[in-house]
2 protein chains.
Amino acid sequence: MIDTLPSQRLAPLIRTLRKAQGLSQEALAERAGLHRNFVSLIERGKNQPTVDTLFRLAEALGVTAVELVERISTANDPA
Amino acid sequence: MIDTLPSQRLAPLIRTLRKAQGLSQEALAERAGLHRNFVSLIERGKNQPTVDTLFRLAEALGVTAVELVERISTANDPA
DNA sequence: ATGTAGACTCGTGTCGACC
DNA sequence: GGGTCGACACGAGTCTACA
């Protein structure tokens with residue numbers, strides 16, 4: 001059973017993957033066609049993305065959306 | 001390359017899976033803790049869910065969120 | 001049982017500025 | 001480079017009602 005909300009598990013994962021790519025929030029935002037502030041909010045779990053935005057973030061991070069979802073679906077710490 | 005938006009590919013898939021479970025929109029909505037109208041909008045591609053809502057829909061459909069995302073990530077028709 | 005319409009609340013997502 | 005604030009447009013999500 002997963003008690004934490006997916007979006008809360010997604011937040012730190014985005015940050016981890018972004019740093020693994022050596023990207024700044026600004027660079028990630030530009031790649032994903034999003035605003036810099038929004039990336040900041042997502043990484044801190046203040047906002048959660050919609051489905052389309054999730055896919056754009058995944059692509060910008062160089063991973064598949066499936067990979068993102070897999071990692072926030074596991075019981076272990078995704079980051 | 002995937003030109004169609006994920007949310008647009010998700011729409012018919014939700015409907016297919018729901019019918020495969022023999023559920024009405026109402027029943028699915030109740031299971032997922034959503035409103036009946038919202039399910040109707042999603043299945044017709046008028047609205048797209050957020051990440052948390054996607055997970056709740058997946059669970060209510062008896063599949064994993066990973067499975068949903070896998071099927072809307074393929075080049076083939078997910079439904 | 002589904003689609004649609006309207007009205008509503010609140011969150012997503014943008015933008016500029018500042019720290 | 002990142003956090004935060006305020007303001008904004010628009011979309012997510014609820015609800016009632018009708019076809």
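Which side chain of chain B has an N or O atom 2.7 Å from a base nitrogen of DNA strand C? Select B:Asn37 together with DNA strand C: the side chain of B:Asn37 supplies that N or O atom, 2.7 Å from a base nitrogen of the strand. Keep in mind during the tour that this is a predicted model.

**Stop 1: DNA strand C**

Show DNA strand C and the residues near this strand. There are 20 of them, and the closest are A:Asn37, A:Thr50, B:Gln25, B:Arg36 and B:Arg44. Of the atoms of DNA strand C that come within 4 Å of the protein, 66% are sugar and phosphate atoms.

Zoom in on A:Asn37. One of the polar atoms in the side chain of A:Asn37 is 2.3 Å from a base oxygen of DNA strand C. Next select A:Thr50, where a polar side-chain atom sits 2.6 Å from a phosphate oxygen of DNA strand C. Now colour the elements that give two or more residues to the surface near DNA strand C: helix H3 (36-43) of chain A, and helix H1 (6-20), helix H2 (25-32) and helix H3 (36-43) of chain B. By residue type, the surface near DNA strand C consists of 11 polar, 6 charged and 3 nonpolar residues.

**Stop 2: DNA strand D**

Hide DNA strand C and show DNA strand D. This strand is surrounded by 20 residues, with A:Gln25, A:Arg36, A:Arg44, B:Asn37 and B:Thr50 the closest. Sugar or phosphate makes up 65% of the atoms of DNA strand D within 4 Å of the protein, and bases make up the rest.

Three side chains are worth selecting here:

- A:Asn37 has a side-chain N or O atom 3.0 Å from a base nitrogen of DNA strand D.
- B:Asn37 has a polar side-chain atom 2.6 Å from a base oxygen of DNA strand D.
- B:Thr53 has a side-chain N or O atom 2.7 Å from a phosphate oxygen of DNA strand D.

To see where the surface near DNA strand D comes from, colour H1, H2 and H3 of chain A and H3 of chain B; each of these supplies at least two of its residues. This surface has 3 nonpolar, 11 polar and 6 charged residues.

**Stop 3: A:Gln25**

Stay with DNA strand D and centre on A:Gln25, one of the closest residues to that strand. A:Gln25 belongs to helix H2 of chain A. Is A:Gln25 buried or exposed? Its relative accessibility is 18%, so A:Gln25 counts as buried. Add A:Glu43 to the view: the side chains of A:Gln25 and A:Glu43 make a polar contact of 2.9 Å. Beyond its neighbours within four places in sequence, A:Gln25 touches A:Arg15, A:Arg18, A:Val39, A:Ser40 and A:Glu43.

**Stop 4: chain A and its helix H1**

Show chain A alone as a cartoon. Chain A has 5 helices and 0 strands. Of its 79 residues, 47% count as buried. Among contacts in chain A with a separation of 6 or more, 57% are between residues 24 or more positions apart.

Select helix H1, residues 6-20 of chain A. Its 15 residues should span 21 Å at 1.5 Å a residue, and its end C-alpha atoms are indeed 21 Å apart. The buried residues of H1(A) include A:Leu10, A:Ile14 and A:Leu17. The buried residues of H1(A) pack against H2, H3, H4 and H5 of chain A, and also against helix H4 (51-60) of chain B. After H1(A) comes A:Gly22, with a positive phi near 65 degrees.

**Stop 5: where the chains meet**

Bring chain B back. How many residues does each chain give to the contact? Chain A gives 17 residues and chain B gives 17 residues. Together the two chains bury about 1500 Å², of which 72% is on carbon and sulfur atoms. Select B:Val51, B:Asp52 and B:Phe55: these supply 37% of the area that chain B buries against chain A, more than any other three residues.

**Stop 6: B:Ile42**

Finish inside chain B, at B:Ile42 in helix H3. B:Ile42 has a relative accessible area of 2%, so this residue is buried. Leaving out neighbours within four places in sequence, B:Ile42 is in contact with B:Ala11, B:Ile14, B:Asn47, B:Pro49 and B:Leu57. Select B:Ser7 as well: B:Ser7 and B:Ile42 are 35 residues apart along the chain, while their C-alpha atoms are separated by 8.3 Å.

Conventions. Residues numbered from 1 in each chain as written. Chains lettered and ligands numbered in written order. Predicted model: local features only at pLDDT ≥ 70, side-chain atom pairs only at ≥ 80, totals over all residues. Heavy atoms only, no water. Near = heavy atom within 4 Å. Polar contact = N/O pair within 3.5 Å; in protein donor to acceptor, adjacent residues only side chain to side chain. Helix = DSSP H or I, 4+ residues; strand = E, 2+ residues; numbered from the N terminus. Nonpolar A, V, L, I, M, F, W, Y, C, P; charged D, E, K, R; others polar. Expected span 1.5 Å × (residues − 1). Buried < 20%, exposed > 50% of the residue type's maximum accessible area, 1.4 Å probe, protein only. Contact = heavy atoms within 4.5 Å. Buried area = accessible area lost by both parts, 1.4 Å probe.
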